[in-house]
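Take a moment to turn the model around on your screen before reading on. We'll walk through it piece by piece.

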Amino acid sequence: MKRFWAWAALIFGLLYFILPLIGMTNFSLKMRRGEYSFDAYAKVLADPRFQETFSYSVTMALTTIIFGVFLIVPTAYWVRLKMPGLRPYIEFITLLPLVIPAIVVVFGYIRLYNTSSWLPLTGSSAGTNMLLMFGYATLGLPYMYRAVDTGLRTIDVTTLTEAAQSLGAGWATIIGRIILPNVSVAVMSGAFVTFAIVMGEFTMAALLNKPAFGPYMQLLGANRAYEPAALAVIAFGITWACLGLMQLVSRLQKTAPRQA
């Protein structure tokens with residue numbers, strides 16, 4: 001009986017998520033009356049705004065990932081190696097983006113870094129891009145930090161560090177050539193989550209007035225019928241591609257030999 005209810009709950013969950021997706025996909029293919037076509041997808045992909053916003057968000061996602069790796073890997077490594085007593089406090093800090101709304105963060109940015117402040121980052125495009133990147137890194141912090149921290153748990157950080165130091169390696173060499181390769185699979189897992197967050201984020205990009213993919217999706221959805229459905233399917237595909245890559249790298253992490 002328990003097995004029956006378990007299967008029933010699983011089937012209900014699948015139908016709950018899959019049926020709306022099937023309906024949305026079916027609707028996106030009906031732009032041409034009386035037959036199925038990919039006209040909506042063709043119009044979306046040919047839209048210069050789509051190309052501009054998609055490329056902008058991809059660039060911001062890659063920049064955010066690189067910044068996150070340079071920030072989180074050394075921090076998590078140093079905390080685990082030298083200051084293990086600080087781990088609960090660091091974990092608490094990394095959880096704050098989950099309870100503080102993005103709109104609060106971005107309003108704080110605008111208030112602190114507006115054109116009349118001591119550091120007017122919002123007065124230039126480069127400064128606003130930097131603020132947006134910091135905001136994205138904040139949103140991805142819980143996932144990136146936990147992925148890296150989990151990867152560090154699977155290796156003997158102390159032994160690797162002592163062995164490298166005995167051979168004359170400096171801290172940059174230890175982190176870049178020993179620690180990072182050993183946690184590369186974990187870093188990739190966190191990077192895929194960050195990529196998916198950046199591609200779908202709306203609040204920060206809209207309030208900072210940047211041409212990101214999230215605001216473009218909202219704008220298109222307010223003015224068109226079939227194109228928003230096609231765009232939603234594309235965004236859904238990007239998210240699921242990131243989830244699939246996370247599963248792939250997780251399997252690679254289990255099967256890959258540890259480096260000594």
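Let's begin with a word we'll need a lot: a residue is called buried when its relative accessible area is under 20%, exposed when that area is over 50%, and partly exposed in between. Ala 40 has a relative accessible area of 0%, so it counts as buried. Keep in mind as we go that what you're looking at is a predicted model.

Now for the whole chain. What is it built from, helices or strands? There are twelve helices and zero strands. The C-alpha atoms fill a box of roughly 75 × 65 × 35 Å, taken along the principal axes. Of the 260 residues, 38% count as buried. And if you take contacts between residues at least 6 apart in sequence, 75% of them join residues at least 24 apart.

The UniProt record adds a layer here. Its unreviewed entry carries the annotation "transmembrane region" for residues 7-29, 54-77, 89-110, 130-148, 185-208 and 228-249. You can check two of these against the model. Residues 7-29 are 96% helix and 0% strand, with the end C-alpha atoms 32 Å apart. Residues 54-77 are 100% helix and 0% strand, and there the end C-alpha atoms are 34 Å apart.

Start at the beginning of the chain with helix α1, which covers residues 2-28. From its first C-alpha to its last it reaches 39 Å, close to the 39 Å expected for its 27 residues at 1.5 Å a residue. Still, α1 has a bend of about 25 degrees at Ile 18, and Pro 20 follows within four residues.

A little further along comes helix α2 (residues 39-46), where you'll find our buried friend Ala 40. What surrounds Ala 40, once its neighbours within four places in sequence are set aside? Its contacts are Ser 28, Met 31, Tyr 226, Glu 227 and Ala 230. The C-alpha atoms of Ala 40 and Leu 29 are separated by 7.0 Å, with their positions eleven residues apart along the chain.

Next, look inside. The largest nonpolar core has 63 residues, and those with the most contacts inside it are Tyr 77, Leu 132, Val 148 and Leu 152. Helix α3 (residues 48-82) gives the most to this core, with twelve residues. Zoom in on Val 148: apart from its neighbours within four places in sequence, it is in contact with Ile 72, Val 73, Ala 76, Ala 186 and Val 187.

Helix α6 deserves a visit of its own. Its 29 residues should span 42 Å at 1.5 Å a residue, and because its end C-alpha atoms are 40 Å apart, the two values agree. Where does α6 bend? The spot is Gly 140, where the bend is about 55 degrees, and Pro 142 follows within four residues.

Thr 128 is also in α6. With a relative accessible area of 7%, Thr 128 is buried. Not counting residues up to four places away in sequence, Thr 128 touches Leu 121, Thr 122, Leu 208 and Lys 210. Thr 128 and Tyr 109 are 19 residues apart in sequence and 9.6 Å apart in space, C-alpha to C-alpha.

Let's finish with charges. How many salt bridges does a search of the whole structure find? It turns up seven. In one of them, the side chains of Arg 80 and Asp 149 meet at 3.3 Å, N to O. This pair links distant parts of the chain, since Arg 80 is in helix α3 and Asp 149 is in helix α6 (residues 125-153), 69 residues apart. Arg 80 is at 22% relative accessibility, so it counts as partly exposed. Asp 149 is at 3%, so that residue is buried.

Asp 149 also has a salt bridge with Arg 153, whose closest N and O atoms are 3.3 Å apart. Because Arg 153 and Asp 149 are four residues apart in helix α6, about one helical turn separates them. Arg 153 has a relative accessible area of 52%, so it is exposed. Salt bridges that share partners join Arg 80, Arg 87, Glu 91, Asp 149 and Arg 153 into one network.

Within that group, the side chains of Arg 87 and Glu 91 meet in a salt bridge at 3.2 Å, N to O. Both lie in helix α4 (residues 87-99), four residues apart, about one turn of the helix. Glu 91 is partly exposed, with a relative accessible area of 22%.

Key. Residues are numbered from 1 along each chain as its sequence is written. This is a predicted model: local features need pLDDT of at least 70, side-chain atom pairs count only at pLDDT 80 or more; totals for chains, interfaces and linings use all residues. Side-chain values use heavy atoms; hydrogens and water are left out. A nonpolar core is a set of buried Ala, Val, Leu, Ile, Met, Phe, Trp, Tyr and Cys residues joined through side-chain atoms within 4.5 Å. Buried means under 20% relative accessible area, exposed over 50%, partly exposed in between (1.4 Å probe, protein chains only). Helices (H or I, at least four residues) and strands (E, at least two) are DSSP runs, numbered from the N terminus. Contact means heavy atoms within 4.5 Å. The expected span of a helix is 1.5 Å times one less than its number of residues. The bend at a residue is the angle between axes fitted to the seven residues ending there and the seven starting there. A salt bridge is a side-chain nitrogen of Lys or Arg within 4 Å of a carboxyl oxygen of Asp or Glu. UniProt positions are given in the numbering used here, feature names are shortened, and annotations may be inferred rather than shown by experiment.
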